[in-house]
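Me: I have a model open and would like to learn how to read it. Can we go through it one feature at a time?

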Amino acid sequence: MVPPHPPARRSRSTQKVNASRPSKKELVILTGISGAGKASALKTFEDLGYQAVDNLPLELMPEFAGMVEKSKDIQRAAIVVDVREGQALDRLPDIIKRVKRVLPTRVVFLDAQDSVLVRRYSETRRPHPLRRSETVSRSIVEERQMLDSIRNVADTLIDTSRFNVHELRSEIQKRFGHEDQSKSLLVSCLSFGFKNGVPLDADMVFDVRFLPNPHFVPEFRDKTGLDPKVAAYVSGFPQTAEFLDKVTSLMLYLMPHYIKEGKSYLTVAIGCTGGQHRSVMMAEELAKRLSKAGYEAKSVHRDMPR
């Protein structure tokens with residue numbers, strides 16, 4: 001279910017570009033009917049690398065576009081504009097024409113069937129941004145009238161009636177994402193010690209205390225799993241490679257499904273007794289294997305001595 005768009009004004013950031021040089025810069029003006037999913041869509045644009053701004057005042061839009069056009073750091077931006085602008089919306093079609101002269105711009109309009117919008121408002125109990133009418137249905141009618149001229153100039157119209165938040169995210173990714181973002185899941189391979197507790201942010205936990213503990217080898221006691229000799233000791237047991245092969249295979253099976261469901265971050269926690277030797281080596285190796293498979297993965301060691 002796509003929640004209604006909150007009425008509060010919120011600015012996430014600002015950005016810019018250059019007109020004369022060829023570039024891949026782009027501005028997306030995201031608009032549409034309240035409750036059609038603009039807030040969820042904006043979050044997806046942000047995850048795709050767009051500089052995301054919610055409810056930028058219309059009079060600032062050309063200046064913002066120029067700033068993006070000149071920026072060395074910002075390639076793409078997305079702005080939400082909606083009925084909260086009030087009567088100023090009448091000027092939006094002309095403002096869009098000015099913005100399109102500055103940098104490539106697409107107007108994306110989200111809509112949904114009235115019955116779906118009413119149901120979404122009833123489920124979330126949020127007030128409609130207009131709130132001038134006695135009923136949500138009447139507010140939707142008024143909003144459609146206010147946004148009609150913008151709908152007519154939209155480059156892309158997306159009907160979200162059948163989408164839940166995950167399906168809307170997938171639709172935005174499909175239309176505006178790039179191929180290299182298909183594996184945009186960031187995986188953190190987190191080592192830890194069970195004696196200090198299981199990480200609260202772990203999505204899945206593996207226990208490697210079944211492996212012999214280097215702590216009881218005097219020359220390894222003060223070292224960590226990052227030490228080549230300790231890593232070689234841990235990896236020297238046949239069950240180490242077997243475990244890593246099975247976990248890697250499981251992760252490579254799961255991650256496309258996580259991505260399909262819109263998950264952006266995944267924390268895989270690997271624990272041993274103190275979080276110093278076995279778990280460190282395993283987290284390092286798993287991160288390497290996932291990176292080699294094309295995913296963005298990093299190792300993090302919560303309890304390893306610094």
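The dialogue below takes the sheets, then one serine, then the aromatic rings.

Reply: Keep in mind from the start that this is a predicted model.

Me: Let me begin with strands S1 to S5. In what order do the 5 strands lie in their open sheet?

Reply: Read a sheet by the order of strands in space, which need not follow their numbering. Here the order is S2-S3-S1-S4-S5, and the pairing is parallel. Strand S2 (51-54) and S5 stand at the edges; each has a single partner strand, so one side of each lacks a neighbour in the sheet. From one strand to the next, the twist averages 20°.

Me: How many bridges pair strand S1 with strand S4?

Reply: Look for the residue pairs that hold the register. Strand S1 (residues 26-32) and strand S4 (residues 105-111) pair in the parallel sense over 6 bridges. As one example, Leu27 has Thr105 as its bridge partner in S4.

Me: Which strands does helix H2 touch?

Reply: For a helix on a sheet, ask what it touches and how its direction compares with a strand. Helix H2 (residues 61-70) packs on this sheet, in contact with S1, S2 and strand S3 (76-80), and its direction makes about 165° with that of S3. Helix H6 lies across S1, S3, S4 and S5, running at about 155° to S5.

Me: Now the other sheet. Which strands are the edge strands there?

Reply: The same reading applies. This open sheet has 4 strands in the order S7-S8-S6-S9, with parallel pairing. Its edge strands are strand S7 (204-207) and strand S9 (296-301), each of which pairs on one side only. On average, neighbouring strands are turned by 20° against each other, direction ignored. Strand S6 (residues 186-193) runs parallel to S9 and is joined to it by 6 bridges. Within that pairing, Ser188 has Lys298 as its bridge partner in S9. Helix H8 (residues 238-260) lies across S6, S7 and strand S8 (265-272), at about 175° to S7.

Me: Let us turn to a single residue. Is Ser161 buried or exposed?

Reply: Start with the relative accessible area, where buried means under 20%. Ser161 has a relative accessible area of 11%, so it is buried. Its place is in the loop between strand S5 (156-159) and helix H6 (165-176).

Me: What does the side chain of Ser161 reach at 2.8 Å?

Reply: For a polar side chain, list its partners and note whether each is backbone or side chain. At 2.8 Å, the Ser161 side chain reaches the backbone nitrogen of Gln113. A polar contact of 2.6 Å also joins the side chains of Ser161 and Asp159. Leaving out residues up to four places away in sequence, Ser161 touches Asp111, Ala112, Gln113, Val116 and Arg120.

Me: Last, the rings. How many aromatic pairs are found in the whole structure?

Reply: Read a ring pair by its centre distance and by the angle between its planes. The search finds 7 aromatic pairs. One of them, Phe206 with Phe243, is edge-to-face, at 6.1 Å centre to centre and 85° between the planes. The pair links distant parts of the chain: Phe206 is in strand S7 and Phe243 in helix H8, 37 residues apart. Both Phe206 and Phe243 are buried.

Me: Which residues do ring pairs link into a cluster?

Reply: Phe45, Tyr50 and Phe176 are linked this way. Also check for a charge over a ring: Arg209 lies over the face of Phe194, at 3.8 Å from the ring centre.

Note on methods
Residues are numbered from 1 along each chain as its sequence is written. This is a predicted model: local features need pLDDT of at least 70, side-chain atom pairs count only at pLDDT 80 or more; totals for chains, interfaces and linings use all residues. Side-chain values use heavy atoms; hydrogens and water are left out. Two strands pair if DSSP finds at least two bridges between them. Helices (H or I, at least four residues) and strands (E, at least two) are DSSP runs, numbered from the N terminus. Axes are lines fitted to C-alpha atoms, for helices over the stretch in contact, and angles run from 0 to 180 degrees between N-to-C directions. Contact means heavy atoms within 4.5 Å. Buried means under 20% relative accessible area, exposed over 50%, partly exposed in between (1.4 Å probe, protein chains only). A polar contact is a pair of N or O atoms within 3.5 Å; within protein, one must be able to donate a hydrogen and the other to accept it, and residues adjacent in sequence count only if both atoms are side-chain atoms. Rings of Phe, Tyr and Trp (its six-membered ring) pair if their centres lie within 6.5 Å; planes under 30 degrees apart count as stacked, over 60 as edge-to-face and the rest as tilted. A charge sits over a ring if NZ of Lys or CZ of Arg is within 6 Å of the ring centre and within 35 degrees of the ring normal.
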